[in-house]
Amino acid sequence: MRIPEGATDPKTRKRLRRPDMVAQQIREQIVEAGLRPGDRIPAEWLQPETVRVSRGSLREALKVLEFQGLISTRSGPGGGVFVASVEPGEAIRMLDNLFLFDQPTIADIYTLRKQLEPELAASVAGTLTDEGFQALQGCIRLYEDEPKTAEEEYSQRLAELDFHEELARHCKNPILAFTCSFLLSLLRDMTVCRSIYKEPNPALRETGLHYQVKLLRAIKSGDAELCRMIMRGHMIEAEKYMKERAAMRTRGSTTAQMVTTSRSS
């Protein structure tokens with residue numbers, strides 16, 4: 001078995017290291033052979049003489065695939081190299097790192113949320129099980145009462161995000177569900193958002209409850225278009241609030257710096 005000369009674009013092939021090319025070849029073989037998570041990868045695929053690379057390059061290729069979550073290894077009787085499944089949570093954590101040092105803005109995130117969340121809500125209209133409704137109602141109960149501390153305020157904001165995460169769990173479109181979950185993860189990780197979530201704001205809590213209670217009723221009735229309308233309004237209000245709060249924090253920080261500079265001079 002050889003790495004096909006035309007398997008990759010010539011420009012891309014020049015940039016790839018040999019272990020990366022071997023890892024890509026094994027990945028393609030897994031897909032073409034229809035292997036599923038838990039299936040053993042044939043030993044002949046993983047022989048240096050078969051892929052025509054050194055043992056060191058082959059070991060490195062397997063490490064690449066293991067890091068990507070595509071394979072797992074077991075030692076001892078019955079051991080070997082097996083196909084593994086990539087968990088959505090793990091994939092999201094890796095994507096979060098992509099924006100670790102160059103974070104998107106609140107506007108960037110809500111540009112997508114305003115488009116995708118209404119479709120997410122519409123996708124579950126009339127399809128939720130009793131358990132699904134109970135899970136969503138459980139999220140709402142966590143922020144029904146006014147918080148007494150900053151910690152409770154922060155926990156309630158996260159519970160509101162959990163409501164949207166729970167919706168994603170019941171969405172039949174895996175790409176839509178994953179993308180919505182990824183955007184929620186970005187919001188949770190952004191420093192400015194964490195600071196905003198800790199700020200007391202009873203009006204925001206009441207507004208969120210209003211939209212989500214209405215949304216549950218629309219979902220239960222199976223009215224997909226009403227679900228879109230309610231969620232779109234919810235996202236517009238949420239974006240407005242988050243952007244206003246972020247702007248206030250920026251102005252406050254700038255004023256504080258100016259005062260400090262004036263005093264020092």
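This report describes the fold, two helices, the nonpolar cores, the largest pocket and one loop residue of a predicted model.

**Overall fold**

The protein chain contains 12 helices and two strands. Read from the N terminus, its elements follow the order α-α-α-α-β-β-α-α-α-α-α-α-α-α. The chain has 265 residues, and 38% of them count as buried. Of the contacts between residues at least 6 apart in sequence, 70% link residues at least 24 apart.

**Two helices**

The table sets out the lengths of helices α2 and α9.

| Helix | Residues in helix | Span, first to last C-alpha | Expected span at 1.5 Å a residue |
|---|---|---|---|
| α2 | 15 residues | 21 Å | 21 Å |
| α9 | 16 residues | 22 Å | 22 Å |

Helix α2 covers residues 18-32, and its span is close to the expected value. Its buried residues are P19, M21, V22, A23, Q25, I26, Q29 and I30. After α2 comes G34, which has a positive phi near 70°.

For α9, the distance between the end C-alpha atoms agrees with the expected span. The buried residues in α9 are L176, A177, C180, S181, F182, L183, L184, S185, L186 and L187. The elements that cover them include α5 (88-98), α6, α8 and α10.

L187 is a residue of α9. Its relative accessible area is 0%, under the 20% cut-off, so L187 counts as buried. Apart from neighbours within four places in sequence, L187 is in contact with I109, Y110, R113, L161, C193 and Y197. L187 and I106 are separated by 81 residues in sequence, while their C-alpha atoms are 7.9 Å apart in space.

**Nonpolar cores**

In soluble globular proteins, nonpolar side chains tend to be buried together. Here the largest nonpolar core comprises 47 residues. Within this core, the residues with the most contacts are I106, F163, L167, L215, I219 and M242. Two or more residues are given to it by each of α6 (106-123), α7 (130-141), α8 (150-169), α9 (174-189), α10 (191-197), α11 (202-221) and α12 (224-264). Another core, of 17 residues, lies apart from the largest one and has V51, L58, V64 and I71 among its members.

L167 can serve as an example from the largest core. With neighbours within four places in sequence left aside, L167 is in contact with L120, V124, L136, L215, I219 and M231.

**Largest pocket**

The volume of the largest pocket is about 350 Å³. Its lining consists of 20 residues, and those nearest the pocket centre are L204, H234, E237, A238 and Y241. Helices α6, α8, α11 and α12 each contribute at least two lining residues. The largest share, eight residues, belongs to α12. By residue class, the lining has nine nonpolar, five polar and six charged residues.

**A loop residue**

R52 sits in the loop between α3 (48-51) and α4 (55-67). Its phi is positive, about 60°, although R52 is not a glycine. The relative accessible area of R52 is 53%, over the 50% cut-off, and therefore R52 counts as exposed.

Terms used. Residues are numbered from 1 along each chain as its sequence is written. This is a predicted model: local features need pLDDT of at least 70, side-chain atom pairs count only at pLDDT 80 or more; totals for chains, interfaces and linings use all residues. Side-chain values use heavy atoms; hydrogens and water are left out. Helices (H or I, at least four residues) and strands (E, at least two) are DSSP runs, numbered from the N terminus. The expected span of a helix is 1.5 Å times one less than its number of residues. Buried means under 20% relative accessible area, exposed over 50%, partly exposed in between (1.4 Å probe, protein chains only). A nonpolar core is a set of buried Ala, Val, Leu, Ile, Met, Phe, Trp, Tyr and Cys residues joined through side-chain atoms within 4.5 Å. Contact means heavy atoms within 4.5 Å. On a 1 Å grid over the protein atoms alone, a cavity is a set of points where a 1.4 Å probe fits but cannot get out, and a pocket is an open set with protein on both sides within 12 Å along at least five of seven lines; lining residues have an atom within 4 Å of a point. Grid points are joined across faces, edges and corners, and a volume is the space filled by probe spheres set on the points. Ala, Val, Leu, Ile, Met, Phe, Trp, Tyr, Cys and Pro count as nonpolar, Asp, Glu, Lys and Arg as charged, and the others, Gly among them, as polar.
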